[in-house]
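Subject: Structure handover

Hello,

I am passing this structure on to you. Please open it alongside these notes.

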Amino acid sequence: MTTGRFIRLAETARAPVRLEADGRPLVALEGDTLLVALLGNVGHLRHSEFGDGVRSGFCLMGACQDCWVLTEDGGRLRACTTVVREGLRITTEPLEATWPNHA
């Protein structure tokens, strides 16, 4: 049984690409976007920062700002327009804000 929201029906012969999201190994196919990889493996993109729901992308073309994820070094990527690459490691959880202590 699959946990993904997307189920691949065609183009199954492309080369597999291994990546990691939130410490979880994922397998996508060459040419997939991060959004396709996440929805196909995890079933959602990320958890909403404004409530208890999950997000799954909105516009799917890089215009709405709903699909930002972070690289392991804190860089931002749009999941709907970023093509997966071997060894990519991302997090879908926002980094905790740290504020300087001026006491």
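Below are the notes on the hairpin, the core and the cysteines.

First, a caution: this is a predicted model.

The hairpin. Strand β1 covers residues 16-21 and strand β2 covers residues 24-29. They pair in the antiparallel sense, over six bridges. P16 has L29 in β2 as its bridge partner. Two residues lie between the strands of this hairpin. There, D22 takes a positive phi near 55°.

The core. The largest nonpolar core has 19 residues. Which of them touch the most other members? They are L19, L34, V69 and I90. β1, β2 and α1 (34-41) each supply at least two residues of this core. The largest share comes from α1, with five residues.

V69 deserves a look on its own. Leaving out residues up to four places away in sequence, V69 touches L34, L38 and L45. On the same count, V69 also touches G75, R76, L77 and A79. I90, T91 and T92 complete the list of its contacts.

The cysteines. How many disulfides does a search of the whole structure find? The search finds zero. C80 is in no disulfide, and its nearest cysteine sulfur is that of C67, 3.6 Å away. A disulfide needs the two sulfur atoms within 2.5 Å, so a pair at 3.6 Å does not count. C80 is counted as buried because its relative accessibility is 10%. C64 has 29% relative accessibility, so C64 counts as partly exposed.

Best regards

Conventions:
Residues are numbered from 1 along each chain as its sequence is written. This is a predicted model: local features need pLDDT of at least 70, side-chain atom pairs count only at pLDDT 80 or more; totals for chains, interfaces and linings use all residues. Side-chain values use heavy atoms; hydrogens and water are left out. Buried means under 20% relative accessible area, exposed over 50%, partly exposed in between (1.4 Å probe, protein chains only). Two strands pair if DSSP finds at least two bridges between them. Helices (H or I, at least four residues) and strands (E, at least two) are DSSP runs, numbered from the N terminus. A nonpolar core is a set of buried Ala, Val, Leu, Ile, Met, Phe, Trp, Tyr and Cys residues joined through side-chain atoms within 4.5 Å. Contact means heavy atoms within 4.5 Å.
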